[in-house]
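Reader: I'd like to learn how to read a few features off a model. Could we start with how two helices pack, then move on to rings and a single buried side chain?

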Amino acid sequence: MEKIHIFCDSAADIPRELVQKYEIDIVPEKITHNGKTFREFYDMTPEEYWDLLEASEEIPTTAQITPAEVMASYEKARADGCTYVLGIIMNAAGSGGYQSCCIARSMFYEAYGMDMQIELIDSESYTYIFGQVVLHACEMRDAGDAFCDIVHIARARLKRCEAVLGVYTLKHLKKSGRISGGAAFVGEALGLKPVSLVKAGSVTVIDKARGEKKLISKVLEQVARRAVHPESQKAVLLYGKIAPEKIDEIEKGLLEKIGFEAVERRPIGISVITNTGPQAFAVAYHGEQRAIE
């Protein structure tokens, strides 16, 4: 009989109550600030991190999950009598966490043999964009679906996941080195706000809004172009430290202007906010199906 252990890194930004409900093993990213190290999810909430980042002159350093930490998750699954393990991990192009999982898998097989199958998936994404896929895999597991079907559906869903990201200030993009100081100066002087597409492992600027008031409409415009059959899917509204009325405005646009069936709201954690700064939001949705490797 199949017994399935599901884990992910804390970058998935899955709410604590759902982690507990589905018994997801969360391997934490770590944040170091003023000589103190915190574990994402366990020691710090997204909201606490927003405040820390906003108040800090320097960007806190973040550390990816390590092979030893992932090995502990595999050993826990083995001790629990699991026959299969599924790990869905933050974009490998932006972090070495996926590689740590692969190294730990080799270590595990060498130490214990291959009686427990470990399947790893590079989400090619960030935050709850892939966190929702982890949850769907858990729902399938609890419904009694076969491991091979869970893996196939997870891979297929991730190949449709996209998001459009809007950033209200260029200050943190400059600090993190994502844009040059000169570009940030010019952009702020002109009131330009970048709009980026998060897709297939990359984050690409696809548009710019002139002024804060136009940023929401620009993001909604890009989502409307890319979402496939919004009337039959749920959009995920990912938000940082922005005014509640702006969040309400975005949700209203998603429902009334684009026609999504529903909207789910989720806060953005450290993997995205460290680079964008707290004044950011994104809309995740399903776009065109990409090839499954």
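Author: Sure. For helix packing, an axis is a line fitted to the C-alpha atoms over the stretch in contact, and the angle is taken between N-to-C directions. Keep in mind that this is a predicted model.

Reader: So how do the axes of helix H9 and helix H10 come together here?

Author: The axes of H9 (residues 212-226) and H10 (residues 244-258) come within 11 Å and cross at roughly 35°. That crossing is right-handed.

Reader: Which residues in H9 and H10 meet?

Author: H9 brings Glu212, Ile216, Leu220, Val223 and Ala224. On the H10 side you'll find Lys246, Glu249, Ile250, Gly253, Leu254 and Ile258. Sorted by class, the contact has 7 nonpolar, 1 polar and 3 charged residues.

Reader: On to the rings. How many aromatic pairs are there?

Author: Ring pairs are judged by the distance between centres, and planes from 30 to 60 degrees apart count as tilted. The count comes to 8 aromatic pairs. Take phenylalanine 108 and tyrosine 112: their ring centres are 4.8 Å apart and their planes sit at 40°, so the pair is tilted.

Reader: Why are phenylalanine 108 and tyrosine 112 separated by about one helical turn?

Author: Because they are 4 residues apart in helix H4. Phenylalanine 108 is buried, at 1% relative accessible area, while tyrosine 112 is partly exposed at 33%. Both belong to one aromatic cluster, together with Phe7, Tyr74 and Tyr109.

Reader: And what about tyrosine 168 and phenylalanine 281?

Author: They form a tilted pair too, 5.9 Å centre to centre with 45° between the planes. This one links distant parts of the chain, 113 residues apart. Tyrosine 168 is in the loop between strand E8 (161-167) and helix H7 (171-175), and phenylalanine 281 is in strand E13 (residues 280-286). Tyrosine 168 has 4% relative accessibility, so it counts as buried; phenylalanine 281, at 0%, is buried as well.

Reader: Last one: is asparagine 91 buried or exposed?

Author: The cut-off for buried is under 20% relative accessible area. Asparagine 91 has 2%, so it is buried. You'll find asparagine 91 in the loop between strand E6 (84-89) and helix H4 (97-112).

Reader: What does the side chain of asparagine 91 reach?

Author: The backbone oxygen of glycine 201, at 3.1 Å. Leaving aside neighbours within four places in sequence, asparagine 91 is in contact with Asp122, Ser123, Glu124, Ser125, Tyr126 and Gly201.

Terms used
Residues are numbered from 1 along each chain as its sequence is written. This is a predicted model: local features need pLDDT of at least 70, side-chain atom pairs count only at pLDDT 80 or more; totals for chains, interfaces and linings use all residues. Side-chain values use heavy atoms; hydrogens and water are left out. Helices (H or I, at least four residues) and strands (E, at least two) are DSSP runs, numbered from the N terminus. Buried means under 20% relative accessible area, exposed over 50%, partly exposed in between (1.4 Å probe, protein chains only). A polar contact is a pair of N or O atoms within 3.5 Å; within protein, one must be able to donate a hydrogen and the other to accept it, and residues adjacent in sequence count only if both atoms are side-chain atoms. Contact means heavy atoms within 4.5 Å. Axes are lines fitted to C-alpha atoms, for helices over the stretch in contact, and angles run from 0 to 180 degrees between N-to-C directions. A crossing is left-handed if the near helix is turned anticlockwise from the far one by less than a right angle, and right-handed if clockwise. Ala, Val, Leu, Ile, Met, Phe, Trp, Tyr, Cys and Pro count as nonpolar, Asp, Glu, Lys and Arg as charged, and the others, Gly among them, as polar. Rings of Phe, Tyr and Trp (its six-membered ring) pair if their centres lie within 6.5 Å; planes under 30 degrees apart count as stacked, over 60 as edge-to-face and the rest as tilted.
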